[in-house]
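Take a walk through this structure, one part at a time. Keep the model open as you read.

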Amino acid sequence: MEKLRIVFMGTPEFAVGILDTIIKNNYEVVGVITAADKPAGRGQKLKYSAVKEYALHHNLPLLQPLNLKDEAFLAELKTLNANLQIVVAFRMLPKVVWEMPFLGTFNLHASLLPNYRGAAPINWAIINGETKTGVTTFFIDDKIDTGAMILSSEITIDEYENAGNLHDRLIELGSKTVIDTLKMIDKGNVSTVIQKDTADIKTAYKLNKENCKIDWTKSAQEINNLIRGLSPYPAAWCFFGDKNEEWNVKIYDATIISEEHNYAVGSLICSKKEMKIAVKNGFIQILNLQFPGKKKMNTTELLNGIAFSADAKVY
């Protein structure tokens, strides 16, 4: 069988870890495709994707198409003469792209498919209180994350783990799974399993301001899962209100106190070093948070500079 010639497609840091492993295992990457540069920050300077930074550092041929159906891009892609494409955290590909290489195009997805198809599988696994997750490689088809599965690898989710920690562990697991997939393809002994759709499949919806907002009427466990599942990015948030003032506050870390009380849900109870919020089956103790215009800080640091009244609430 001819040597693998790989085009890699990806954008964020998660994809970098996989690409780096492919390179270190001496596979030939003939091209990298990533998102176009975007203005970011107060100065609106153009920001490179993490994958672009890596590709430039390693002198890999780089393409940044605005339109994946553009004829000039398709012609340039063909000149790379790849026989396999690998996609990690990129975007939906048109058929003309994913069917181009002889050996196909496979994707690494950070969930145990068919569950958590979509944009934010790591976050939603934690938000929904899962005790395990994993990664899956599959051949791309004309829908999102529905193609024939090649390999799946499973990992447990620690009860205190946040999305950032799980993200880093899934890079390691994903890297190994991609290499195992490449070995199978290289030997020509790939077998696949068709995904079965059932009514109880869970979806990894795109994160937005609405589904990142904390609903304090939910159970302590559900609230803490949301905080863990959105930390460190984009972060769960809510409003703090006190003395006719209101702040949009991000919460990064918390813990559950199971304790009966007579406080109204959403009551904010503070001491000099401790902040807790009343929920229906106990309290959520806030450990790290960020007020608008301030840096991320622990609760003690915040309470050194601000005092809340007995009427303070969150909502």
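The paragraphs below go from sheet to cores, then to the pocket, a covered helix and some backbone details. Bear in mind that the model is predicted.

Start with the sheet. It is open, has 7 strands and follows the order 5-2-1-6-7-9-10. The pairing is mixed. Strand 5 (62–63) and strand 10 (149–156) are the edge strands, each pairing on one side only.

Now look at strand 7 (105–109). On one side, strand 7 pairs with strand 6 (residues 84–88) in the parallel sense, over 4 bridges. Here Gln85 has Thr105 as its bridge partner. Strand 7 also pairs with strand 9 (residues 132–139), but this pair runs antiparallel, again with 4 bridges. Leu108 finds its bridge partner in Thr137 of strand 9.

Is strand 7 covered or open? Mostly covered: 5 of its 5 residues are buried. In a regular strand, side chains alternate between the two faces of the sheet. Strand 7 shows two such sets. Thr105, Asn107 and His109 point one way, while Phe106 and Leu108 point the other. All of them are buried.

Phe106 leads on to the largest nonpolar core, which has 41 residues. Phe106 is among the members that touch the most others, along with Phe8, Ile22, Leu84, Ile86, Leu170 and Leu182. Helix 6 (residues 163–187) gives this core its largest share, 10 residues. Nonpolar side chains tend to be buried together in soluble globular proteins.

Which residues does Ile86 touch, leaving aside those up to four places away in sequence? They are Ile6, Val7, Phe8, Met9, Ile22, Phe106, Val178 and Leu182. Apart from this core lies another, of 35 residues. Phe240, Val279, Leu289 and Met297 are among its members.

Turn to the largest pocket. Its volume is about 1700 Å³. The lining is made up of 45 residues, with Thr11, Pro12, Ala89, Phe90 and Ala119 nearest the centre. Helix 1 (13–24), strand 3 (38–40), strand 7, helix 5 (121–127) and helix 6 each give two or more residues to the lining. By type, the lining holds 27 nonpolar, 9 polar and 9 charged residues.

Helix 7 (residues 220–229) comes next. Of its 10 residues, 8 are buried, so the helix is largely enclosed by the rest of the structure. The buried set is Ala220, Ile223, Asn224, Asn225, Leu226, Ile227, Arg228 and Gly229. What covers them includes helix 5 and helix 6. Strand 12 (236–242), strand 13 (245–257), strand 15 (275–279) and strand 16 (282–290) also take part in the cover.

Finally, check the backbone. Most residues other than glycine have a negative phi, and most peptide bonds are trans. Some sites here depart from that pattern. Leu113 and Pro114 are joined by a cis peptide bond, with omega about 10°. Pro114 sits in the loop between strand 7 and strand 8 (117–118). A cis bond also runs from Ser231 to Pro232, with omega near 10°. Pro232 belongs to the loop between helix 7 and strand 12.

Asn59 has a positive phi, near 55°. It lies in the loop between helix 2 (50–57) and strand 5. Asn59 is exposed, with a relative accessible area of 69%. Lys243 also has a positive phi, near 50°. Its loop runs between strand 12 and strand 13. Lys243 is exposed too, at a relative accessible area of 57%.

How values were computed:
Residues are numbered from 1 along each chain as its sequence is written. This is a predicted model: local features need pLDDT of at least 70, side-chain atom pairs count only at pLDDT 80 or more; totals for chains, interfaces and linings use all residues. Side-chain values use heavy atoms; hydrogens and water are left out. A nonpolar core is a set of buried Ala, Val, Leu, Ile, Met, Phe, Trp, Tyr and Cys residues joined through side-chain atoms within 4.5 Å. Buried means under 20% relative accessible area, exposed over 50%, partly exposed in between (1.4 Å probe, protein chains only). Contact means heavy atoms within 4.5 Å. On a 1 Å grid over the protein atoms alone, a cavity is a set of points where a 1.4 Å probe fits but cannot get out, and a pocket is an open set with protein on both sides within 12 Å along at least five of seven lines; lining residues have an atom within 4 Å of a point. Grid points are joined across faces, edges and corners, and a volume is the space filled by probe spheres set on the points. Ala, Val, Leu, Ile, Met, Phe, Trp, Tyr, Cys and Pro count as nonpolar, Asp, Glu, Lys and Arg as charged, and the others, Gly among them, as polar. Two strands pair if DSSP finds at least two bridges between them.
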